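Here is my note on the model you sent. The points are numbered so that you can reply to each in turn.

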Amino acid sequence: MKRTLGVCYYPEHWPEPQWATDATRMADLGLTWVRIGEFAWQRMEPEPGRMDWGWLDRAIETLGAAGLKVVLGTPTATPPRWMVTKHPDMLAMDAQGRPRGFGSRRHYCFSHRPYRAECARIVGLMAERYGPNPHVAAWQTDNEYGCHDTTLSYSDAALGAFRDWLAQKYQSPDALNRAWGNVFWSMDYAGFDEIGLPNLTVTEANPAHVMDFRRFASDEVAGFNRLQTDIIRRHTDAPIAHNYMGRITEFDHFATGADLDIASWDSYPLGFLSDRLEVTPEHKRHFARQGDPDFQAFHHDIYRAVGRGRWWIMEQQPGPVNWAPYNPDPLPGMARLWAWEAFAHGAEAVCYFRWRQAPFAQEQMHAGLLRSDSVAAPAHDQAGQVARELAAMPDVEPTAAPVALVFDYASAWAWQTQPQGRDFDYFRLVFHFYRGLRALGLSVDILPPDTADLSAYRLVLAPGVATLSPALLGALTGYTGTALIGPRSNAKTADFATPVPLPPNLPGLACTVARVESLPPDLPVPLAQGGNFLHWREKCEAAEVAEATTDGWPALVGQGALRYLAGWPDEEALARILRGLCAERGIATLDLPQGLRCRDSGARRFWFNYNPDPVTHAGVTIPAAGVHWQEL
Amino acid sequence: MKRTLGVCYYPEHWPEPQWATDATRMADLGLTWVRIGEFAWQRMEPEPGRMDWGWLDRAIETLGAAGLKVVLGTPTATPPRWMVTKHPDMLAMDAQGRPRGFGSRRHYCFSHRPYRAECARIVGLMAERYGPNPHVAAWQTDNEYGCHDTTLSYSDAALGAFRDWLAQKYQSPDALNRAWGNVFWSMDYAGFDEIGLPNLTVTEANPAHVMDFRRFASDEVAGFNRLQTDIIRRHTDAPIAHNYMGRITEFDHFATGADLDIASWDSYPLGFLSDRLEVTPEHKRHFARQGDPDFQAFHHDIYRAVGRGRWWIMEQQPGPVNWAPYNPDPLPGMARLWAWEAFAHGAEAVCYFRWRQAPFAQEQMHAGLLRSDSVAAPAHDQAGQVARELAAMPDVEPTAAPVALVFDYASAWAWQTQPQGRDFDYFRLVFHFYRGLRALGLSVDILPPDTADLSAYRLVLAPGVATLSPALLGALTGYTGTALIGPRSNAKTADFATPVPLPPNLPGLACTVARVESLPPDLPVPLAQGGNFLHWREKCEAAEVAEATTDGWPALVGQGALRYLAGWPDEEALARILRGLCAERGIATLDLPQGLRCRDSGARRFWFNYNPDPVTHAGVTIPAAGVHWQEL
Amino acid sequence: MKRTLGVCYYPEHWPEPQWATDATRMADLGLTWVRIGEFAWQRMEPEPGRMDWGWLDRAIETLGAAGLKVVLGTPTATPPRWMVTKHPDMLAMDAQGRPRGFGSRRHYCFSHRPYRAECARIVGLMAERYGPNPHVAAWQTDNEYGCHDTTLSYSDAALGAFRDWLAQKYQSPDALNRAWGNVFWSMDYAGFDEIGLPNLTVTEANPAHVMDFRRFASDEVAGFNRLQTDIIRRHTDAPIAHNYMGRITEFDHFATGADLDIASWDSYPLGFLSDRLEVTPEHKRHFARQGDPDFQAFHHDIYRAVGRGRWWIMEQQPGPVNWAPYNPDPLPGMARLWAWEAFAHGAEAVCYFRWRQAPFAQEQMHAGLLRSDSVAAPAHDQAGQVARELAAMPDVEPTAAPVALVFDYASAWAWQTQPQGRDFDYFRLVFHFYRGLRALGLSVDILPPDTADLSAYRLVLAPGVATLSPALLGALTGYTGTALIGPRSNAKTADFATPVPLPPNLPGLACTVARVESLPPDLPVPLAQGGNFLHWREKCEAAEVAEATTDGWPALVGQGALRYLAGWPDEEALARILRGLCAERGIATLDLPQGLRCRDSGARRFWFNYNPDPVTHAGVTIPAAGVHWQEL
Ligand SMILES: [Zn+2]
Ligand SMILES: [Zn+2]
Ligand SMILES: [Zn+2]
């Protein structure tokens, strides 16, 4: 696999005479890819039906002439103002019933069919024109689905589509009433057109109602995306990607990914650390200019799974961004470290966002490889260094990790719908397990929830999977590795009810969750062998108890292939348990210091020092923000 | 008085063949009561006007055949979906102007007259049919009035009814303008139809306007309830109850209670500790699995007053609930302790909520006496133990406590309308005084604000009563016990103005509040004899100063029957002051350790250990979550 | 300049027989001014077109007969209820799209032209009638523009006026598109009637869009005010004032002030400390009953600038107020200290708010000089003392301070629109610099952002001025004092874009801000000479580096007249830098203890002890809440 660099570029933002100079500088820097077009609908179609492709033709030709390959984005995330005049009801509605208006981006409801038709039209025109273009070597659909909380819409369009979706799923209101348990509070419906969206109810809506709305909304994103990929494929063989955003779990990325050739994501380590991570203030302070040492890796591994092996970073933070609560300057070297870490996790390409800092509009405080005055910013030279290092290194082929972790978007919805305790968040739980594995020096593969074969892995973790799929249950039967299930796994039926027999109801494991308790942060449940359960613990009836809490309840159940963990372990307990399971299965572990992480890629082990100070491990000293690699 | 146990049951949630088994198990456990029906409108009337009573007939008969008595609830808290189609404007509106839609429960506006007519219709049909039924031994109206913040509605129905209410009260706009002081900011009205609801004003609305809206809203609840009790009484002599919810103060429970035979409340000690108590984090942690040691008792005493002596617990928490920020598992024994505490405070019956944990819909994570798989949960056996203990104990007759505390719902509205300091909350203030009495081992009676005779009590407290009623002022004249009035008592006229002469203007007490100050939590005002005023203090001109602050202002005024307390005392100051007043009146006090509480009932003193550890007091050791009783 | 006292009075609130007594008591106390009328529209015009001036004629005559001078307020902040019936669309809309209704005050949208016509009518009638009245010696327009967040309105009236304003400014949509950089996300407009208000967008609106809306909204306030001043001036030569509210920065007070003769503000030191200051809890506790020692002074100096030398306090807190989170009682003496501090800063008059505490409506918990029962409150006698002290002291003439600080309302909007870091607030930044100057014992003049001549000052500070005006840039060229510019100064073009060449782009100063970082509070950047940058730091390329950070970046740049500060200094760093600059320019500084402040006025230095304890400085002991003055 060849590994390449790229950059995001907006020719429409700059005077045309500047394009050729920019292209030459990009090529000289060692970049391969230039992503363009994804916000330019208004420039492509200034008035309804009046197309202006000239500038885009010339931009692509200018880039191509410099030896660069173009990733062409469909502009459907930024419909022009005239579109909203034409389709006033295309706007999404927020949960409070307010339209989410024009003036920024992503101002559309996924369920609005006429807007979908407009998208099909523009994508068709683009694919027809640029599908055959030799410089257009990849495509991107839309931009960051779900960003700015745009997956869920409470519009009339969404309501109508939701009713159709329910009618299709349940066929009769009675079936729906039974599935949802609507008898509970006299919530039965006599017809699908009586069903509303689950917002603005007096107290919480039926969780089954909410979950179906979440599933529907996720399907709508997949349908919206598929419409575009189907059209593009008619005109080109170039691979199609979408650029996902960090910690967006509102739609099923595996479902959208099934229609893509490449998964990509937009990696903003400092922004994400500042605005979407449950960590201590001390942790935030320590990593403020480097980013969390596991957050990017976790996404790399997720998108490698979403892309079925093929994945990119489509936008890589190059300097301070503009949108987080606080926006520090990355430590010198981080723009290189982040790129190398992506490659170590199997990325095909890393594209920096963006070429030149825009001096106007919403992102004028977002750094680029160049400053607004075209002087090179620090990331420019770091990108050049990565380009030279890549050139000097042989290609690699992907290899499976020894350990796998199941990630299930529907479980994120499930536990948002019914957290039962304020701190129970699915992403947080799984990321906690991921971090625990990484702290032991382990490379990890992420698995989708319908994985039917686990035989490649000696250890598989599936914490918090609300409903284990038939495929996964099948794979667990006869599994010869070790599967650590729980906490709160297989706790719901497909209809979002409590199963009877009670959870986890795993084949061959005598374990019944009699009841659960959610816990405030200051009420840990100590484990007899050290560490604690935090946030969540289950009181189980179990036959084989491998570990217990100090108050005498099973904590870790089972001794064969299937183990059930009856709570949310703290760092200490998790490390001990994982170390034990690895030892059983002959998986070597390390004991990494804070901020030092490693990842095996082909025949090499890569080391990343996320600390603001040098770190010495196993005789090697790595500078702050430093990358080190060694032959395995 | 015979004391009994019961349970809440939803036959419509379970297959009919299971009913008889359930009934037998209930009877075998020693239960007397089964509450049913209160959410089943859709099952009773699946389509407008098409009644289906068969299942309910059979359910009642099945329970009755097992020897159980039924409490039958009117289903008006859960109107079916077709009702909202029929009356789209029946929905309440929130203060932001959004309708509060179908999909959960309590989706109605108390002021919507056509919905009232629908309620009258269904209640009439039920009363006619089941009033004569020998197994239906009690009735419940609706369910948890005011829960989910449903007392106040800003709908058109509420607006119209409010204008009528005002016209009735004031007779002329000029009278209203004068009463409210509308001259203040040119807020005068020329007609009642110019008056709006006091939401969405630019800055705070006139507090007199808000207070009238609060009084109106409370009256609407009483009227809604009275409609039902009037109808039921035409068909039966069985007692009628309503199940109030914890710390709901938005309507006057005494007013609603006047139309009931029995007051009952729904006691969820762990949920309430987690979500509605101003206590320290350490206190929350210590009592996380037991509940606050005074919160239940306070409500017991309130509802004994609301029910004029007759009161129940209609819903008793049996295990983890689903709705608080955190939902721990109660300590073993608490389901017994809570029941015994209710009986010690004079409850006639304690019903657990619910028989079997529902596997579907909103409350699937709410424990029952049985698990969803019908296995007994811990509370099942604790209920059985209470049943056996009750059987072994003689009946008791209620006795008056030596000390009384006035509780006035209108004062809760008054100080929400005009807190003057962020931390001034009426419930919090009165509960603080109640806790202070309990910590001294005192049994307490709660008195309504229009109490006209205090002669049964040697000590009466009336903190924060915004306007002392003529009745209570009359009772204070010539009172021979000690009445501790203040802080902030009699501080408002009936029109919610500042009285002149200035407060407290008590007969025979030379004391004038010159001005007040509200205080941030870190700015206590020390008292010369120890302890502090917190949150609130008043600078008084007074003749007889019993205690003073260290900055020289009167803190406790008066030496005869009337005493005025010029601030919010902290725990230390309150304990000292109360101990002193008790000593004067010959009321014996104890000095109870944290978490240990006692209550006298008939000839017995009951002890309750709310601590997670054993406690030893006066030579007796009570285990964690333990109950102890002794002859007096 | 003669210095006088006054009071706010509402004759319409009291029985007419009481007026004469009140007037006599006011005059006896030594008051000169009585402000009346500003909330009495309904009493002046009880029905549309039916005027009732009789009561106001008599009130003015009664006050005048007692020797008092009247400040007459226009009542446009409280349109009567009938006005809203007549113009239902006159209400402002909040950013969530909800009308801000009748029932309190300020319920109008500045952009509603028919309401403006109503205002012109009532002001015309008043000016015609009372302009010639010898007792009416000054006028006030409206009341506290912008209070209760009323500057910005999202109504249809505002939308229409905004579009007109944009059309006037840009002349063509293309010009606007270019200025705003609308190409960025396909946000171009084809016509002005396509442009919306910048609320309810999916993610942040274009900051240039927001800034133009902010400029527009500020212009609307100025236009609303000018309409009134133009009319009043046709009928009288009496000076016209407006009473601004503390820390209101939503409109340009200099622009409004240009149409006034006198600027005045409403000074509520305890309320402001409680609800609108970023200070430590310890600071709030220490000054809880005195107010922040610099907040009032800062406003005094701002309004002296806004009034071009002529300024008043129109409302002075006399005791506890009713509207802050906590409302303590001022320390004895503070009502005197606050008045004297205003006079030391050049106030012509200080009016207490209000004469007698109202017993009804919204402000019944707001103290006055008299209690509601007409007994003197503490501030009454303190006002009397000030009156006697004033009488004993000679008149003063204003003198320029040695140091000046630029204050620019548009910069407040700029950094609210684009804070880039959560803690970057313009008012907070400038106030921090002001406090730093005051702690050095310096008297300060505030300068508007278009100041064209700095020659009166030896030291000028301009932190955070988003765009330096041509006038100010001109004044800096050839300036012979020292100008400390930055942080974040001249960082935006007039179109709210990043300038190229990059900021600060100051004439003759080699300094380029390469990039910035916003910092969480726990991530300071230490300076090599002590202290830190907090919240914000810039990485500059600079020639002359006077100070550096410990990580090697320039912190203070320049050695001549122009210095650039590349971050937000903490107290220690700021004191050191200011001391150095003062020393260079021969400005004497002191080192004042906490809570002690001084101000030079004419030939006197006034000392103010804001501490709750006596303080000794330079051999003089000043009691708590004490004022001391000495000849210079
Ligand atoms: Zn070409
Ligand atoms: Zn029977
Ligand atoms: Zn006269």
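1. Start with Asp445(A) and Arg599(A). They form a salt bridge, with the closest N and O atoms 3.9 Å apart. A salt bridge here needs a side-chain nitrogen within 4 Å of a carboxyl oxygen, so this pair at 3.9 Å falls within the cut-off. Bear in mind that the model is predicted.

2. One salt bridge is the count between domain 2 and domain 3 of chain A. Two residue pairs in polar contact are counted there, both residues at pLDDT 80 or more. On the domain 2 side, α16 (426-439) and β10 (444-447) of chain A each supply at least two residues. α16(A) gives the most, with three residues.

3. For the wider layout, chain A is divided into domain 1 (4-87 + 123-150 + 235-392), domain 2 (403-584) and domain 3 (596-631). The contact between domains 2 and 3 of chain A takes seven residues from domain 2 and four residues from domain 3. Their centres, taken over C-alpha atoms, are 30 Å apart.

4. How much area is buried between domain 2 and domain 3 of chain A? About 530 Å², with 36% from carbon and sulfur atoms. On the domain 2 side, Arg438(A), Gly441(A) and Ser443(A) lose the most area, together 75% of what that side buries.

5. Arg438(A) also belongs to a network of salt bridges. The other members are Asp292(A), Asp294(A), Glu341(A), Arg435(A) and Arg597(A). Check this network as a unit.

6. Now chain A against chain B. The buried area is about 4300 Å², of which carbon and sulfur atoms give 55%. The contact takes 46 residues from chain A and 49 residues from chain B. In chain A, Phe184(A), Trp185(A) and Val202(A) lose the most area to chain B, together 20% of what that side buries.

7. Five salt bridges are counted between chains A and B. In one salt bridge, the side chains of Glu517(A) and Arg289(B) meet at 2.6 Å, N to O. The count of residue pairs in polar contact is 26, both residues at pLDDT 80 or more. Two elements of chain A, β13 (511-518) and β15 (532-542), give two or more residues to the side that touches chain B. β13(A) provides the largest share, six residues.

8. Over all chains, the search finds 135 salt bridges. One is Asp301(A) with Arg304(A), the closest N and O atoms being 2.6 Å apart. These residues are three apart in helix α12 (295-306) of chain A, so about one helical turn separates them. Asp301(A) is buried, because its relative accessibility is 1%. Arg304(A) is buried as well, at 12%.

9. Another pair is Asp600(A) and Arg605(A), with closest N and O atoms 2.6 Å apart. Arg605(A) counts as buried at 18% relative accessible area.

10. In chain C, Lys86(C) forms a salt bridge with Glu118(C) at 2.8 Å between the closest N and O atoms. The pair links distant parts of the chain, helix α4 (81-86) and helix α5 (113-130), 32 residues apart. Buried or partly exposed: which is Lys86(C)? Lys86(C) is partly exposed at 45%, whereas Glu118(C) is buried at 5%.

11. Last, the metal. The zinc ion (ligand 1) is coordinated by two OE contacts listed for Glu61(A) and by NE2 of His135(A), at 1.9 to 2.5 Å. Glu61(A) lies in helix α3 (54-65) and His135(A) in the loop between α5 (113-130) and β4 (136-140) of chain A, so the pair ties together parts 74 residues apart in sequence. Glu61(A) is partly exposed, at 43% relative accessibility.

Conventions
Residues are numbered from 1 along each chain as its sequence is written. Chains are lettered from A and ligands numbered from 1 in the order in which they are written. This is a predicted model: local features need pLDDT of at least 70, side-chain atom pairs count only at pLDDT 80 or more; totals for chains, interfaces and linings use all residues. Side-chain values use heavy atoms; hydrogens and water are left out. Donors are N, O and S atoms within 2.8 Å of the metal (3.2 Å for Na, K and Ca); water is not among the atoms, so sites may look incomplete. Helices (H or I, at least four residues) and strands (E, at least two) are DSSP runs, numbered from the N terminus. Buried means under 20% relative accessible area, exposed over 50%, partly exposed in between (1.4 Å probe, protein chains only). Domain bounds come from an automatic or database domain assignment. Contact means heavy atoms within 4.5 Å. Buried area is the accessible area (1.4 Å probe) that two parts lose on being put together, summed over both. A polar contact is a pair of N or O atoms within 3.5 Å; within protein, one must be able to donate a hydrogen and the other to accept it, and residues adjacent in sequence count only if both atoms are side-chain atoms.
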